[in-house]
Amino acid sequence: MRAVIGRLFGHTCTIRAYTGEGARGAQYATAVTEKCRLNEARRFAPTAGASEVLAETVIYMRAAAVCPARSKVTVNNREWTVIRSIPRNGGSLPTPAHLEVTLT
């Protein structure tokens with residue numbers, strides 16, 4: 001299964017995970033690099049506050065990746081803000097566990 005996941009994740013992204021607010025505004029962790037799959041398509045997506053926004057892109061990465069809402073993600077020299085990230089687990093189905101990250 002690991003070889004299949006490696007072929008699915010053909011892009012590389014840089015994540016600066018949101019850690020909270022500080023005296024100078026939003027604070028982010030040190031940037032980390034993750035392999036991912038990029039799906040650029042506009043769609044409406046609910047936010048953590050139950051409102052809907054227009055999402056520009058969805059990326060998929062390994063299940064253990066850390067990418068909370070309000071994090072900054074860069075793929076192909078474009079930076080997006082995370083709307084939400086949802087862990088997906090196929091359970092007994094032949095679907096690999098992964099993290100679905102919606103960006104705007």
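How far is the sulfur of Cys67 from the closest cysteine sulfur, and which residue holds that closest sulfur? In this predicted model, the sulfur of Cys67 lies 6.9 Å from the one in Cys13, which is its closest cysteine sulfur, and this is too far for a bond. The briefing below begins with the chain as a whole, then turns to the hairpin, the nonpolar core and the cysteines.

**The chain as a whole**

- The secondary structure of the protein chain comes to 1 helix and 8 strands, and, read from the N terminus on, these elements follow the order α-β-β-β-β-β-β-β-β.
- The protein chain has 104 residues, of which 32% count as buried.
- The accessible surface of the protein chain comes to about 6,400 Å², and 51% of this surface belongs to carbon and sulfur atoms.
- When contacts between residues at least 6 apart in sequence are considered, 49% of them join residues that are at least 24 apart.

**A hairpin of two strands**

- Strand E2, which covers residues 18–22, and strand E3, which covers residues 25–28, run antiparallel and are joined by 4 bridges.
- The connection from E2 to E3 is a hairpin that passes through 2 residues, and across this pair of strands Gly20 stands opposite Gln27 in E3.

**The largest nonpolar core**

- The largest nonpolar core holds 15 residues, and those that touch the most other members are Cys13, Ile59, Met61, Cys67, Val73, Val101 and Leu103.
- Two or more residues of this core come from each of the strands E1 (11–16), E4 (32–46), E5 (52–62), E6 (72–75), E7 (78–88) and E8 (98–103), and E8 gives the most, with 3 residues.
- Beyond its neighbours within four places in sequence, Cys67 is in contact with Ile15, Val73, Val82, Ser85, Leu99 and Val101.

**The cysteines and the question of a disulfide**

- A disulfide is a covalent bond between the sulfur atoms of two cysteines, and a search of the whole structure finds 0 disulfides.
- Cys13 counts as buried because its relative accessibility is 0%, and Cys67, at 3% relative accessibility, counts as buried too.
- Why does Cys13 form no bond with the closest cysteine sulfur? That closest sulfur belongs to Cys36 and is 4.0 Å from the sulfur of Cys13, so it is too far for a bond, given that a disulfide needs the two sulfur atoms to be within 2.5 Å.
- The opening question about Cys67 has a similar answer, because the 6.9 Å between its sulfur and that of Cys13 is also too far for a bond.

Technical notes
Residues are numbered from 1 along each chain as its sequence is written. This is a predicted model: local features need pLDDT of at least 70, side-chain atom pairs count only at pLDDT 80 or more; totals for chains, interfaces and linings use all residues. Side-chain values use heavy atoms; hydrogens and water are left out. Two strands pair if DSSP finds at least two bridges between them. A nonpolar core is a set of buried Ala, Val, Leu, Ile, Met, Phe, Trp, Tyr and Cys residues joined through side-chain atoms within 4.5 Å. Buried means under 20% relative accessible area, exposed over 50%, partly exposed in between (1.4 Å probe, protein chains only). Contact means heavy atoms within 4.5 Å. Accessible areas come from the Shrake-Rupley method with a 1.4 Å probe; for residues, only the protein chains shown count as cover.
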